[in-house]
Amino acid sequence: MKILGISGSPRPGGNTDTLLLEALRGASHQGADTTFVALRDLSISPCSGHPDCASRAACHHTDDFQALSYQFLSSDAVILATPVYYWNMSAQMKTFVDRNYFNYKHEGYMDARAAGIIIVAASEGFDETEQAMRNFLVSGGQFTGAPDALAVLRAQAGYRLEAKQQPALLKAAEDFGAGIALKVSQTR
Ligand SMILES: Cc1cc2nc3c(=O)[nH]c(=O)nc-3n(C[C@H](O)[C@H](O)[C@H](O)COP(=O)(O)O)c2cc1C
């Protein structure tokens, strides 16, 4: 069982990374083979918005998106984690999301039977960010798993090490990841 975790935080070792790593740890305890990817470490250009995207054989960008996209589409579960930036996902996550438009236009949907969204904010913007992430995965059609196989974890943390100092939150993230792995096992 392959589970891919994608962090959209530009801040290494911050709250988003911390909680995603805990979630992946929980998943690995359930037997998952986990991979952590930080978008900040990759070179992914923004979507160019070509009107003929659907009829192109390939996206004109040749960057790190292609390899990540393969992992994203072929994993048994995916966890997307983002900090809230101005009531929305981070720029890194939005760039990744937009580049999926080529996949969407070419019917390249996720194989994943379970998915998770982790949203981290100092105080506000959870609803708006969850809606935007859900719109990508569900309304945008990328995630084709059952509605109850999409889970969301909201975490309140502002300064860089705040999540690390909340044992209950770390445990919630670990349980969240374990739950996603269990969901995959149950839908085999
Ligand atoms: C550019 C920017 C915009 C932000 N916008 C919000 C926001 O709209 N709502 C909020 O509660 N926190 C906001 N924050 C705070 C972050 O969501 C918070 O610090 C979070 O813990 C960052 O996650 P990280 O440690 O993984 O980087 C913002 C931070 C930055 C740098």
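**Exercise 1.** Determine which residue forms a salt bridge with D148, and state whether each partner is buried or exposed or in between.

*Solution.* Step 1: D148 pairs with K183 in a salt bridge, and their closest N and O atoms are 3.5 Å apart. A salt bridge is a side-chain nitrogen of Lys or Arg within 4 Å of a carboxyl oxygen of Asp or Glu. Step 2: This pair links distant parts of the chain, since D148 is in the loop between α5 and β5 and K183 is in helix α6, 35 residues apart. Helices (H or I, at least four residues) and strands (E, at least two) are DSSP runs, numbered from the N terminus. Step 3: Buried means under 20% relative accessible area, exposed over 50%, and partly exposed in between (1.4 Å probe, protein chains only). With 55%, D148 is therefore exposed; with 22%, K183 is partly exposed.

The model is predicted: local features need pLDDT of at least 70, side-chain atom pairs count only at pLDDT 80 or more, and totals for chains, interfaces and linings use all residues. Residues are numbered from 1 along each chain as its sequence is written, and side-chain values use heavy atoms, with hydrogens and water left out.

**Exercise 2.** Describe the salt bridge between E130 and R154.

*Solution.* Step 1: The N to O distance between these two side chains is 3.0 Å. Step 2: E130 belongs to helix α5 (residues 126-139) and R154 to strand β5 (residues 150-156); the two are 24 residues apart, and the pair links distant parts of the chain. Step 3: E130 has 13% relative accessibility and so counts as buried, whereas R154, at 38%, counts as partly exposed.

**Exercise 3.** Explain how D98 and K94 are placed in helix α3.

*Solution.* Step 1: The side chains of D98 and K94 meet in a salt bridge of 2.8 Å, N to O. Step 2: Because they are four residues apart in helix α3 (residues 91-99), about one helical turn separates them. Step 3: D98 is partly exposed at 28%, and K94 is partly exposed at 36%.

**Exercise 4.** Classify the arrangement of helices α1 and α6.

*Solution.* Step 1: The axes of α1 (residues 15-29) and α6 (residues 167-186) come within 6 Å and cross at roughly 45 degrees. Axes are lines fitted to C-alpha atoms, for helices over the stretch in contact, and angles run from 0 to 180 degrees between N-to-C directions. Step 2: Angles under 35 degrees count as roughly parallel, over 145 as roughly antiparallel, 65 to 115 as roughly perpendicular and the rest as oblique. The helices α1 and α6 are therefore oblique to each other.
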